Number of protein chains: 2
Amino acid sequence: MTIKYLHAMIRTTAPEESHRFYTEGLGLIKTRQYDSEAGQFSLIYYAVEQGAPEVELTHNWDDRNYSNGDQFGHLAFEVSDIYQVCETLQSIGVTILRPPRDGHMAFIKDPNGISIELLQAGERLAPKEPWASMENTGSW
Amino acid sequence: MTIKYLHAMIRTTAPEESHRFYTEGLGLIKTRQYDSEAGQFSLIYYAVEQGAPEVELTHNWDDRNYSNGDQFGHLAFEVSDIYQVCETLQSIGVTILRPPRDGHMAFIKDPNGISIELLQAGERLAPKEPWASMENTGSW
């Protein structure tokens with residue numbers, strides 16, 4: 001028996017904002033989309049590249065609301081420059097909840113409150129402003 | 001800037017049961033563990049193989065309780081034989097909430113109520129009992 005990790009599914013009430021977050025913010029590409037007129041929902045997939053693990057966003061067209069529990073924690077991504085990705089995220093209005101003061105780790109939330117961990121690939125970067133003295137915001 | 005998906009973090013109040021689910025049940029291996037005496041928590045990682053995307057289980061030793069919201073949906077895995085993995089899961093006491101009646105898709109929950117989707121790799125399998133006539137149980 002073989003098994004392979006495919007995706008994490010997240011429900012979104014803000015598909016356009018989510019699209020901007022995952023593409024412009026994190027630099028993923030939209031890999032595919034499935035719209036069900038009968039079921040009144042869309043499934044939209046994002047990944048680093050075709051064939052890589054995906055984030056699947058489910059958008060129910062009735063725009064019902066959802067709640068975030070704390071049994072599920074977060075999704076984590078490794079990035080080649082944690083300062084650059086945080087700067088890009090800030091530029092599209094994302095709050096860096098746990099800034100990368102240590103040049104190693106940051107936490108943000110996607111537009112639906114899903115916690116996302118960013119980890120610097122390889123060795124941690126040298127401390128750098130404005131990150132080094134930036135306080136935490138809220139929870140993640 | 002490059003980015004790579006690393007893991008999904010889930011909080012567990014039943015680390016031994018979770019270990020059995022992800023290893024014996026799904027066939028993943030435990031890739032690493034970090035115990036923090038100072039922080040009173042353990043991080044335990046599972047994956048198909050070293051270097052593959054991981055499920056990170058966080059066990060806070062104080063055994064606090066958590067809640068499952070519905071903003072996060074599920075984690076999905078592709079399997080080479082969906083009947084075989086469902087049989088194995090059943091044999092360790094896991095309820096097949098959405099049985100693979102269609103030879104293609106099944107849903108289960110991990111010991112902490114995290115929804116897991118199983119998808120048959122490649123073409124769907126021919127219908128097979130007891131799955132073909134098995135009813136759904138609960139939600140997922």
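Before I compare the two chains, let me define the term we need: copies are superposed by least squares on the C-alpha atoms of residues with pLDDT of at least 70 in both. Please keep in mind throughout that what we are looking at is a predicted model.

In general, two copies of a chain are related by a rotation about an axis and a shift along it. What turn and what shift lay chain A on chain B? Here the turn is 180° and the shift along the axis is 0.0 Å, and the superposition gives an RMSD of 0.0 Å. That is how a two-fold axis relates its copies. If you would like to find this rotation axis on the screen, look for A:Gly69, whose C-alpha lies 2.0 Å from the axis and comes closest to it among the residues of chain A.

Now to the place where the chains meet. Because 100% of the interface residues of chain A are also interface residues in chain B, the copies meet through the same surface.

Let me turn to chain A by itself, which contains two helices and seven strands, arranged along the sequence in the pattern β-α-β-β-β-β-α-β-β. When we consider contacts between residues at least 6 apart in sequence, 53% of them join residues at least 24 apart.

Finally, a word on dimensions and burial. A compact globule of 140 residues would have a radius of gyration near 14 Å, and the 16 Å of chain A agrees with that. Along the principal axes, the C-alpha atoms of chain A fill a box of roughly 50 × 35 × 30 Å, and 35% of the 140 residues count as buried.

Methods
Residues are numbered from 1 along each chain as its sequence is written. Chains are lettered from A and ligands numbered from 1 in the order in which they are written. This is a predicted model: local features need pLDDT of at least 70, side-chain atom pairs count only at pLDDT 80 or more; totals for chains, interfaces and linings use all residues. Two residues are in contact if their C-beta atoms, placed from the backbone, lie within 7 Å. Helices (H or I, at least four residues) and strands (E, at least two) are DSSP runs, numbered from the N terminus. The radius of gyration is taken over C-alpha atoms; the globule rule is 2.2 Å times the number of residues to the power 0.38. A residue is buried if 20 or more other C-beta atoms lie within 10 Å of its own, exposed if 12 or fewer, and partly exposed in between; C-beta atoms are placed from the backbone.
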